[in-house]
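I sat down with this model to look at one metal site and a side chain beside it. My entries are below.

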Amino acid sequence: MRITTDQIQFTNKPREVSHAREFNFLAENLEKKGINVEQLIQKLQAFQIAIPSWALGTGGTRFGRFSGGGEPATLIQKIQDIGILHALNRSSNSVSLHIPWDIPQDYDAILQAAAEAEIGFDAVNSNTFQDRTDQSLSYKFGSLSNNDQTIRELAIEHNKEVIRIGEKLGSKALTVWLADGSSFPGQHSFRKALQSTYESLQEIYKELPSDWKMLVEYKPYEPYFYSTVIQDWGTSFLLANKLGDKAFTLVDLGHHLPNTNIEQIVATLMTEGKLGGFHFNDSKYGDDDLTVGSIKPYQLFLIFNELVSGFEETANPSPAWMIDASHNLKDPLEDLLQSVEAIKLAYAQALIVDQIALHAAQASHDVTFAQEILQDAFRTDLRPLVRESIRQSGGAITPIHSYRELKVRETLIKERGKDSKASGL
Ligand code: RM4
Ligand code: MN
Ligand code: MN
């Protein structure tokens, strides 16, 4: 299924008048504050968030999985699903592949499907947290950190293969999320595991094309429950620094212990020019994979506030943006539309923070006003602005309503059946 411009216009029609009224009112208020609305819209339009190939099917937990039907059974269908999202919100123009869940078979066909959907290829993700069916040696006790050199070599070779796949598609980054860790005290030599990981990453790093980045993700726990080799931003940063200029830290919002000050981590990494990528999701407890902005929208805004001021004031290169979630209750496409909207809203709110006034408040230790300035931006309803930026890009004024009115899921179920299954989580 593909969504046409006519269909988008058709669903926009009944909303145009009230949208224009809301947007004009907001734009007038923002301009009064000295904010250039045209520029805001351009920034919002340019902000594109990659969709991972594993987020398009129904997610599950180890207790069960309840498919909603019409899942994309092939990589091409996954790309087509992202094309649907992109047609609706004009904000997700790339896919992030996970290997081996989505090994391309016919490159020409995949590139063609991507071109038709106006989709490019973002970072490629390796996976050494699962054994492949044909794999003789196991990652059960670790991959890049394993004591056994032959297992480390297997994992290194896999990462190199992922780079080669990405090269054929036009990707420019490899994301390494290393699950390796231990579940019981005494199981690991922490020092040895870290050193082996560094050496393995060095081998992979050598293979990176000159215009590529390596994004090193961190996570405190799960699938192992006592220690994780790359447990936090500090460990990732240390490795990225030692590896070289092409290596960066990747922040996944779900990979922090409760109450961690993620915005401060963002600021620190940007100061050092080492924030390379971002995985968006939300969580209440851990790596819960919930819809972005569904639990802690203020935190998301504070993170974007650091990102926006970091773009202005640091030399940190533009990070790779991706949603990293799996959805076990909602329609994955609806969930992704909501996530993208939440990200764009937080970004827009951060863009209207009066940075000059905030600096002045900070300089004069005016704690009250510093809070006032941030919350003034956060509490401004910028939905009409985000909608207008999407509308001007040719998308739907309210993507989720258009999605339902166009009966996308029903059509996908008709096309693919109730039981089609997506590879992935
Ligand atoms: C991990 C991590 C990785 C993602 C997998 C599916 O928790 O966030 O980025 O590749 O999940
Ligand atoms: Mn992630
Ligand atoms: Mn995760």
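These notes start with the metal and then turn to an asparagine.

**Entry 1: the metal.** I am working from a predicted model. I looked up which protein residues hold the manganese ion (ligand 2). I found Glu217 (OE), Asp252 (OD), His279 (ND1) and Asp324 (OD), lying 2.0 to 2.2 Å from the ion. Along the chain I read their spacing as E-x34-D-x26-H-x44-D.

**Entry 2: geometry.** I checked the angles next. The 6 donor atoms around the manganese ion (ligand 2) subtend 72 to 167°, so I noted the arrangement as octahedral. I also noted the manganese ion (ligand 3), 3.9 Å from the manganese ion (ligand 2).

**Entry 3: two of the donors.** I placed Asp252 in strand E11 (residues 247-252) and His279 in strand E12, so this pair ties together parts 27 residues apart in sequence. Buried or exposed? I looked up Asp252 and found a relative accessible area of 0%, so it is buried. His279, at 2%, is buried too.

**Entry 4: Asn281.** I located Asn281 in the loop between strand E12 (275-280) and helix H10 (297-313). Why does Asn281 count as buried? Its relative accessibility is 2%, and the cut-off for buried is under 20%.

**Entry 5: what Asn281 meets.** I traced its polar partners. The Asn281 side chain makes a polar contact with the side chain of Asp252 at 2.8 Å. A polar atom of the Asn281 side chain also lies 2.9 Å from the backbone oxygen of Asp324. Both Asp252 and Asp324 are on my list of donors to the manganese ion (ligand 2). Leaving out residues up to four places away in sequence, I listed what Asn281 touches, including Leu253, Gly254, Asp287, Leu290 and Ala325.

How values were computed:
Residues numbered from 1 in each chain as written. Chains lettered and ligands numbered in written order. Predicted model: local features only at pLDDT ≥ 70, side-chain atom pairs only at ≥ 80, totals over all residues. Heavy atoms only, no water. Helix = DSSP H or I, 4+ residues; strand = E, 2+ residues; numbered from the N terminus. Buried < 20%, exposed > 50% of the residue type's maximum accessible area, 1.4 Å probe, protein only. Polar contact = N/O pair within 3.5 Å; in protein donor to acceptor, adjacent residues only side chain to side chain. Contact = heavy atoms within 4.5 Å. Donors = N, O, S within 2.8 Å, 3.2 Å for Na, K, Ca; no water. Tetrahedral: all angles 85-135°; square planar, octahedral: opposite > 155°, others 65-115°.
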